[in-house]
Amino acid sequence: MARVWIRGGRVLDPASGWDGPADVVLEDGRIAAVAPGLAPEGAEVFDASGCWVAPGLVDLHAHLREPGQEYKEDIASGGRAAVAGGFTTVACMANTDPVNDDPSVTDYILDRARQDSPARVRPIAAATKGLKGEVMTEMVALGQAGAVAFSDDGKTIMDSGVQRRVLEYSRLADKPVIVHAEDRTLVRDGVVNEGPVSTRLGLPGNPAAAEAVHVARDLLLAELTGAHLHVAHVSTAAAVGLLREARARGIHVTAEATPHHLTLTDEAALGFDTNTKMAPPLRSRADVRACREGLADGTIDAIATDHAPHAVHEKEVEFTAAPPGVIGFETALAVVLELVREGALTPLQLVAALTWNPARILRLPAGRLERGAPGDVVVVDPAARWLYDPAKGFSKSRNSPWAGRTLEGRALATFVAGRLVYHADRGVLAP
Ligand code: DOR
């Protein structure tokens, strides 16, 4: 029976509200105890002094590209990158090839994950067949196969009648519907935020209203159906305002923001770097501020990476032709620690947005350090400074806007089911 004693750290457990010194003991794959001054017998000691000890991070929005696009990423490489970033659970989007719109694909993903991934993988199934926005998937069967939510992410369901039915049926499966809120008729060929930056670059703009229009529609449909709506990668002040008002009215809606939308503006695209191209695009300074405020006041619940690997040859093309998306597992923690350093969030709020809140959105038994809970823990060195080189990372792809930057804070060690699966000095240790 393996017993691990994570000793002397600052424990941050948002579920219980604990922020203070304590030891954590893992046993039989689970959390056995959390309290100051423990001294378990026969335990392997992990010295966490000077570090934060938190529940393993939960990413409710990532793209692992398997099946079908393994040259960008696969479940094994994505799982390694995840634990290297401190993530112990990742939910993967359905825009694979074939699309995860059938229980056989959900089964396949879970099977690969069990064999290949050091992180726990939870599939998100498509809401409509082939992500076409026309015919609903068999949501109850997909839920029974292990899907934790439904989403056509990457695409928007433009037909409001279809979206209404998706929301209604999601209630039978008791799972959230995650929406990619971008009205295609407003986005058109827009590739950067519409405003001074799109004008200077001479590139087609994607207006903030494209997001807000869609969020407004879906909030009305969530109210109509009583379903749990989750808005992915919120990027605009207008959407944050709509979400705040909807929550006040009691609509069952949750939301996430990404590290990039919380820290970068559209000005990052001024050099035509395609690693600053994503959907939705990076927005204005006022939008970034509003997303941060939304996170601080609970309008936005979670931080999700939207880890979206693309190969070098796909990104090394003109801006309009490059696929949108950036990788994020290995940089997320360092990037969002900036919000704590700047006083926008408390450490406990930040950890909640990365653990307990996303776990609750997906109804997962994760994200907390309670006795009996899964032994998923991250030890964070919040002050470590390190140079990020995607070529030395665990993802197969390199499309990061933070390449070559010195970052502050990182996962020192990641435990999954009571086992050390990653250590910053030793790399990924399992499976
Ligand atoms: O930037 C993005 N990339 N946004 C999405 O919604 C899809 C994702 C991808 O799959 O590459």
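Here are some notes on a predicted model, meant to be read with the structure open beside you.

1. Let's begin with strand β7, residues 87–92, and its neighbour β8. These two strands run parallel, and four bridges join them. If you want one pair to look for, find Val 90, which stands opposite Val 121 in β8.

2. Stay with β8 and look at where its side chains go. In a regular strand the side chains alternate between the two faces of the sheet. You can see that pattern here: Val 121 and Pro 123 point to one face and are buried. Arg 120 and Arg 122 point to the other face and are not buried.

3. Follow the chain out of β8 and you come to Thr 128, in the loop between β8 (120–123) and α3 (139–145). Is Thr 128 buried or exposed? Thr 128 is buried, because its relative accessible area is 0% and the cut-off for buried is under 20%. Don't let the word "loop" make you guess otherwise!

4. So what does Thr 128 touch? Leaving out residues up to four places away in sequence, the list includes Gly 133, Glu 134, Val 135, Met 136 and Thr 137. Asp 101, Asp 152, Ile 157, Val 162 and Val 166 are also among its contacts. On top of that, the Thr 128 side chain reaches the backbone nitrogen of Lys 132 at 3.3 Å.

5. Now for a couple of peptide bonds worth a look. The bond from Asp 97 to Pro 98 is cis, with omega near 5°. You'll find Pro 98 in the loop between β7 and α2 (103–116). The bond from Ala 430 to Pro 431 is cis too, and here omega is near 0°. Pro 431 sits in the segment after β19 (427–428).

6. Next, check two backbone angles. Arg 363 has phi near 55°, a positive value in a residue other than glycine. Its place is the loop between α14 (356–361) and β16. Arg 363 counts as partly exposed because its relative accessibility is 38%, which falls between the 20% and 50% cut-offs.

7. Ala 417 is the other one: phi is positive, about 50°, although this residue is not a glycine. Look for Ala 417 in the loop between β17 and β18. With a relative accessibility of 36%, Ala 417 also counts as partly exposed.

8. On to the pockets. The largest has a volume of about 710 Å³. How many residues line the largest pocket? There are 35, and those nearest its centre are Gly 154, Lys 155, His 180, Ala 279 and Pro 324. Sorted by class, the lining has 12 nonpolar, 15 polar and eight charged residues.

9. The second largest pocket holds about 350 Å³ of space. It is lined by 22 residues, and Glu 330, Trp 386, Phe 394, Arg 410 and Tyr 422 are the closest to its centre. Its lining divides into 12 nonpolar, six polar and four charged residues.

10. Which elements help build the lining of that second largest pocket? Helix α12 (332–341) supplies at least two residues, and so does each of the strands β16 (377–387), β17 (406–416) and β18 (419–423). Try colouring those four elements and you'll have a handy way to find the second largest pocket on screen.

Definitions and conventions:
Residues are numbered from 1 along each chain as its sequence is written. This is a predicted model: local features need pLDDT of at least 70, side-chain atom pairs count only at pLDDT 80 or more; totals for chains, interfaces and linings use all residues. Side-chain values use heavy atoms; hydrogens and water are left out. Buried means under 20% relative accessible area, exposed over 50%, partly exposed in between (1.4 Å probe, protein chains only). A polar contact is a pair of N or O atoms within 3.5 Å; within protein, one must be able to donate a hydrogen and the other to accept it, and residues adjacent in sequence count only if both atoms are side-chain atoms. Contact means heavy atoms within 4.5 Å. On a 1 Å grid over the protein atoms alone, a cavity is a set of points where a 1.4 Å probe fits but cannot get out, and a pocket is an open set with protein on both sides within 12 Å along at least five of seven lines; lining residues have an atom within 4 Å of a point. Grid points are joined across faces, edges and corners, and a volume is the space filled by probe spheres set on the points. Ala, Val, Leu, Ile, Met, Phe, Trp, Tyr, Cys and Pro count as nonpolar, Asp, Glu, Lys and Arg as charged, and the others, Gly among them, as polar. Two strands pair if DSSP finds at least two bridges between them.
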